[in-house]
Amino acid sequence: MAICTVYTGRSLNPTPSISTPTKTHLGFHQKQVVFYSTCKKTARRGGGTITCSAETKTVVIGLAADSGCGKSTFMRRLTSVFGGAAEPPKGGNPDSNTLISDMTTVICLDDYHSLDRTGRKEKGVTALDPRANDFDLMYEQVKAIKDGVAVEKPIYNHVTGLLDPPELIKPPKILVIEGLHPMYDGRVRDLLDFSIYLDISNEVKFAWKIQRDMAERGHSLESIKASIEARKPDFDAYIDPQKQYADAVIEVLPTQLIPDDNEGKVLRVRLIMKEGVKFFNPVYLFDEGSTISWIPCGRKLTCSYPGIKFSYGPDAYFGHEVSVLEMDGQFDRLDELIYVESHLSNISTKFYGEVTQQMLKHGDFPGSNNGTGLFQTIVGLKIRDLFEQIVASKAAAPLEATKA
Ligand SMILES: Nc1ncnc2c1ncn2[C@@H]1O[C@H](COP(=O)(O)OP(=O)(O)OP(=O)(O)O)[C@@H](O)[C@H]1O
Ligand SMILES: O=C(CO)[C@H](O)[C@H](O)COP(=O)(O)O
């Protein structure tokens, strides 16, 4: 059972005001904080507290990656698994970074930048530097949401480079915190029910950056190179080390199927899954725990050059026992993915072909023809499964307690 602090005399659903920012030791605007009871109707009051069934607590997922490494694309795949469209808060700041759907709220940790663009320039620090971020506030607010308490979260405006007035975030069923530092601060890390790191190799990151920032945003090749170089020391110091804490890592590397490939179009993608994580059973190919190499091209899967190769097996990652599923190459026909799907186990689908259906539904998302899209979709299904198991275990807990 969870204990929620009661703030009597407050409506459970008041319209918040964001006009009087009153900074407190917690960092957020206490006057404006709205407390939402997550307690069931059967909850009993007593002595200034309400005892609540913990089953309604928010499940918190962390997604870490550098900028331009596919976090938004992954989020779109994840929210789609839960159904419903993810949209910015209605009637709010048009530059909000938050996405809300029926089940999920995705908040971007850029909103916890403590220095705006000018401030960072003046102090000579990048956004990746912990000194440019407010981890105390991040911790207080993620913890509050996890405990069923709504918060007034700041907004970092990427258009103006300024910190805008805060927006109200109510506790969702699933909170995803995505950005540069979800696993950097030990207190925030401990709040995560599951964590993912998108590990994009430098070669591939460069190719994606060029694709987006040159083709879509008109930046020059030199400025893209300079921006990557400027961020690299802080990326190596503060972002990359977080992968050791992740429950699942999606590693994206150049292909090994084309000797000395430097185009970066064909990718080798590895899904590294930690063993022993509660409510998470790693995916396997053919035979759990064995070492497998599989080239599925032939009668049932069309493959043009350079083909497709899957590998699976046990390994070690930062001293942890892991299972690794790897796909090198790309699909010619997405509808044939069902053939691959039918050879994978523990993928947490609700019906035969669900992975293929999700991939076909979002065939226009980047990475839909390779392991990035496939593994992001599978991790999305694993998160749904994890969420359902957490809810089921919490619902069962009071029953167990009654029996005892
Ligand atoms: N799996 C992929 N395959 C190929 N290109 C990709 C893939 N994922 C992302 N990209 C490229 O990278 C760009 C950035 O992707 P996305 O917006 O999802 O990343 P992000 O981490 O959310 O970025 P930011 O933090 O800068 O907003 C896309 O426009 C696309 O060009
Ligand atoms: O690393 C980043 C995460 O998205 C951004 O560069 C950081 O948030 C700063 O944003 P901007 O460049 O818009 O001022």
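**Figure 1. The loop between β14 and β15, which holds Pro306****.** In this predicted model, Pro306 is placed in the loop that runs between strands β14 and β15. The peptide bond joining Tyr305 and Pro306 is cis, with an omega of about 5°. The two strands that flank this loop also supply an aromatic pair: Trp294 lies in strand β14 (residues 292-294) and Phe310 in strand β15 (residues 308-317), so the pair ties together parts that are 16 residues apart in sequence.

**Figure 2. An aromatic cluster formed by Phe286, Trp294, Phe310 and Tyr339****.** Eight aromatic pairs are found in a search of the whole structure. In one of them, the ring centres of Phe286 and Trp294 are 5.1 Å apart and the ring planes stand at 85°, so this pair is edge-to-face. Phe286 is partly exposed, its relative accessible area being 40%, whereas Trp294 counts as buried at 11% relative accessibility. Trp294 also pairs with Phe310 in a tilted arrangement, with 5.7 Å from centre to centre and 40° between the planes. Both members of this tilted pair, Trp294 and Phe310, are buried.

**Figure 3. The surroundings of Leu374 in the largest nonpolar core****.** This core has 56 residues, and Phe194 and Leu374 are those with the most contacts inside it. Helix α9 (residues 371-403) contributes the largest share of the core, namely nine residues. Residues of the core come from both domain 1 (50-198) and domain 2 (247-392), so the core lies between these domains. When residues up to four places away in sequence are not counted, Leu374 touches Phe310, Met327, Phe331, Leu337, Val355 and Met359. Phe310 is thus a partner of Leu374 as well as a member of the aromatic cluster with Phe286, Trp294 and Tyr339.

**Figure 4. A second, separate core, with Phe235 among its residues****.** This core consists of 33 residues, including Met138, Phe235, Ala246 and Val249. The ring of Phe235 has a charged partner: the charged end of Lys205 sits over this ring, 3.6 Å from its centre.

**Figure 5. The charged end of Arg76 over the ring of Phe365****.** In this view, the charged end of Arg76 is 4.0 Å from the centre of the Phe365 ring.

**Figure 6. Asn346 and Ser348 in the loop between β17 and α8****.** Asn346 is placed in the loop between β17 (344-345) and α8 (354-361). Its phi is near 65°, a positive value in a residue other than glycine. Ser348 is placed in the loop between β17 and α8 and has a positive phi of about 60°, although Ser348 is not a glycine. Asn346 counts as partly exposed, at 30% relative accessibility, while Ser348 is buried, with a relative accessible area of 18%. The cut-off for buried is under 20% relative accessible area, so Ser348 is buried at 18%.

**Figure 7. The chain as the setting of the close-up views.** The chain contains nine helices and 17 strands. Of its 404 residues, 51% count as buried. Among the contacts in the chain with a separation of 6 or more, 67% are between residues 24 or more positions apart. The accessible surface of the chain comes to about 19000 Å², and carbon and sulfur atoms account for 52% of this surface.

Note on methods
Residues are numbered from 1 along each chain as its sequence is written. Chains are lettered from A and ligands numbered from 1 in the order in which they are written. This is a predicted model: local features need pLDDT of at least 70, side-chain atom pairs count only at pLDDT 80 or more; totals for chains, interfaces and linings use all residues. Side-chain values use heavy atoms; hydrogens and water are left out. A nonpolar core is a set of buried Ala, Val, Leu, Ile, Met, Phe, Trp, Tyr and Cys residues joined through side-chain atoms within 4.5 Å. Buried means under 20% relative accessible area, exposed over 50%, partly exposed in between (1.4 Å probe, protein chains only). Helices (H or I, at least four residues) and strands (E, at least two) are DSSP runs, numbered from the N terminus. Domain bounds come from an automatic or database domain assignment. Contact means heavy atoms within 4.5 Å. Accessible areas come from the Shrake-Rupley method with a 1.4 Å probe; for residues, only the protein chains shown count as cover. Rings of Phe, Tyr and Trp (its six-membered ring) pair if their centres lie within 6.5 Å; planes under 30 degrees apart count as stacked, over 60 as edge-to-face and the rest as tilted. A charge sits over a ring if NZ of Lys or CZ of Arg is within 6 Å of the ring centre and within 35 degrees of the ring normal.
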